[in-house]
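Good morning, and thanks for coming. Please have a look at the model on the screen before I start.

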Amino acid sequence: MTKRSVSTHVFQSLRDRIISGELSPNEPLTEAKICQAYSVSRATVRRALQLLEKDELVIIEENKSVKIKIFTLSEILDMLDVRIPLERYVVLKATKQITS
């Protein structure tokens, strides 16, 4: 597995844990704990955290501490406005393929 794919794997896993609520809003994320949990280097974790920041799921502060973002009600509703039509589309496509 390449370094990029490993950092992508860590990113996707952390993203899923944030979205599912397994990791709580404002919960600090430490490089050391993530490194240990995923058996990866700090550089890999930093890349994953940068991707999470790009997706606006975490906040990386000036002192390099990382916390899971607290979403406002408005942000959550905006996400749902996009998610619900996408889920309907996926279900529609899946049922068409099953019946074909």
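I will go through the packing of two helices, then a pocket, then a few single residues. One thing to keep in mind is that this is a predicted model.

Let me start with helices α2 and α3. Helix α2 covers residues 31-38, and helix α3 covers residues 42-54. How do these two helices, α2 and α3, pack, and at what angle? The angle is about 110 degrees, and the axes lie 9 Å apart. An angle from 65 to 115 degrees counts as roughly perpendicular, so α2 is roughly perpendicular to α3. On the α2 side, the contact is made by Glu31, Ala32, Ile34 and Cys35. On the α3 side, the residues are Arg42, Val45, Arg46 and Leu49. Sorted by class, this contact has five nonpolar and three charged residues, and no polar ones.

Now take one residue from that contact, Leu49. Leu49 sits in helix α3. Is Leu49 buried or exposed? The relative accessibility of Leu49 is 2%, and the cut-off for buried is under 20%, so Leu49 counts as buried. Leaving out residues up to four places away in sequence, Leu49 touches Leu29, Glu31, Ile34, Val58, Ile60 and Val66. Leu92, for its part, is 43 residues from Leu49 in sequence, and their C-alpha atoms are 34 Å apart.

Helix α3 has another buried residue to look at, Thr44. Thr44 has a relative accessible area of 5%. What does Thr44 touch, not counting residues up to four places away in sequence? The residues are Val6, Ser7 and Val10. Ser7 belongs to helix α1, which runs over residues 3-20. Ser7 is buried as well, with a relative accessible area of 3%. Seen from the side of Ser7, and again without residues up to four places away in sequence, the contacts are Thr44, Arg47 and Ala48.

Next, the pocket. I will talk about the second largest pocket, which holds about 180 Å³ of space. Which residues line the second largest pocket? They are Leu14, Arg17, Leu23, Glu27, Pro28, Leu29, Thr30, Lys33, Ile34, Ala37 and Tyr38. The elements giving two or more residues to this lining are α1, β1 and α2, where β1 covers 28-29. Of these, α2 gives the most, with four residues. By class, the lining has seven nonpolar residues, three charged residues and one polar residue. Ile34 is one of the lining residues, and Ile34 also takes part in the contact of α2 with α3.

Let me move to the backbone. Most residues other than glycine have a negative phi. Two residues here have a positive one, and I will take them in order along the chain. Asn26 has a phi near 70 degrees. Asn26 lies in the loop between α1 and β1, and with a relative accessibility of 40% Asn26 counts as partly exposed. Ser39 has a phi near 55 degrees. Where is Ser39 found? Ser39 is in the loop between α2 and α3. Ser39 is exposed, with a relative accessible area of 68%.

Finally, some exposed residues that sit in helices. Ile19 is in helix α1. Exposed means over 50% relative accessible area, and Ile19 has 56%, so Ile19 is exposed. How far apart in space are Ile19 and Leu57, C-alpha to C-alpha? They are 8.6 Å apart in space, and 38 residues apart in sequence.

Ser20 is also in helix α1. Ser20 counts as exposed, at 57% relative accessibility. Between Ser20 and Ser65 there are 22 Å from C-alpha to C-alpha, and the two are 45 residues apart along the chain.

The last residue is Arg88, in helix α4, which covers residues 73-99. Arg88 has a relative accessibility of 60% and counts as exposed. Arg88 and Ile70 are 18 residues apart in sequence, and the C-alpha atoms are 27 Å apart.

To recap, α2 and α3 are roughly perpendicular, and α2 gives the most residues to the lining of the second largest pocket. Thank you for listening.

Key. Residues numbered from 1 in each chain as written. Predicted model: local features only at pLDDT ≥ 70, side-chain atom pairs only at ≥ 80, totals over all residues. Heavy atoms only, no water. Buried < 20%, exposed > 50% of the residue type's maximum accessible area, 1.4 Å probe, protein only. Contact = heavy atoms within 4.5 Å. 1 Å grid on protein atoms, 1.4 Å probe; cavity = no way out; pocket = protein on both sides within 12 Å on 5 of 7 lines; lining within 4 Å. Points joined across faces, edges and corners; volume = space filled by probe spheres on them. Nonpolar A, V, L, I, M, F, W, Y, C, P; charged D, E, K, R; others polar. Axes fitted to C-alpha atoms, helices over the stretch in contact; angles between N-to-C directions. Parallel < 35°, antiparallel > 145°, perpendicular 65-115°, else oblique.
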